[in-house]
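Please brief me on the ligand site and the pockets of this protein.

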Amino acid sequence: MSAPELPAPRTPGRYSVALVCLGNICRSPMADVVLSQRVDEAGLSGRVTVASCGTGDWHVGHPMDGRAAATLTAAGYDASRHRAQQWAQTWLEEHDLVLAMDESNLADLGGRSARVRLFRDFDPVGTGGEVPDPYYGGDDGFEEVLTMVERTSAAIVDAFRRLEEP
Ligand code: 4NP
């Protein structure tokens, strides 16, 4: 299955993506840092914005989970700037594409739509799968999340490039 097309931006020439998990301290912050870095490397940071949030409010204002941050730092990313935010319906109006980490997050957003889908719909491996919640598990879970997030972020940046083509 090929990667889905991106929904058209609301403002031509700009694109805004939101990444959503439950706590906004593990999965969506890792995806936010990695996708932002890939966007930057592709020279698209002036036009593409990336943000993340969680459906739950427990961690609002907190930095990333220490294990998520350590996994990113060991792989050469800057995990220091993240502060958790909570999802609100206004995010739907403010973003061109909203990507949920798992089916439960997707249901909490009101389900699938043209602009709301699973992050791993863009993963060339295991397309349409979930990013498993590593919060209650061991360090292996964070490595697995990083692998999925790096692969999927590369595919999303390819989709941004296709959007830019005339
Ligand atoms: P995340 O992981 O959704 O990937 O950020 C979780 C973080 C915190 C909790 C659950 C999942 N929690 O219940 O506090």
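The notes below cover the ligand, its contacts and two pockets.

This is a predicted model: local features need pLDDT of at least 70, side-chain atom pairs count only at pLDDT 80 or more, and totals for chains, interfaces and linings use all residues. Residues are numbered from 1 along each chain as its sequence is written, and side-chain values use heavy atoms, with hydrogens and water left out.

**Ligand surroundings**
- Residues around the ligand (a heavy atom within 4 Å of it) include Cys21, Leu22, Asn24, Arg27, Trp58 and Asp133.
- That shell has 7 nonpolar, 3 polar and 2 charged residues.
- Here Ala, Val, Leu, Ile, Met, Phe, Trp, Tyr, Cys and Pro count as nonpolar, Asp, Glu, Lys and Arg as charged, and the others, Gly among them, as polar.

**Polar contacts (pairs of N or O atoms within 3.5 Å)**
- A side-chain N or O atom of His59 lies 2.8 Å from a ligand oxygen.
- A polar backbone atom of Cys26 is 2.9 Å from an oxygen of the ligand.
- Tyr136 places a polar side-chain atom 3.4 Å from a ligand oxygen.
- The protein buries 93% of the 360 Å² that the ligand exposes when taken alone (Shrake-Rupley method, 1.4 Å probe).

**Pockets**
- A pocket is an open set of points on a 1 Å grid over the protein atoms alone, where a 1.4 Å probe fits, with protein on both sides within 12 Å along at least five of seven lines; lining residues have an atom within 4 Å of a point.
- The ligand sits in the second largest pocket (more than half of its atoms lie within 2 Å of the grid points).
- The second largest pocket is lined by residues including Gly23, Ile25 and Tyr135.
- Its lining divides into 7 nonpolar, 2 polar and 2 charged residues.
- The lining of the largest pocket has 2 nonpolar, 3 polar and 4 charged residues, among them Asp32, Arg81 and His82.

Note on methods
Polar contact = N/O pair within 3.5 Å; in protein donor to acceptor, adjacent residues only side chain to side chain.
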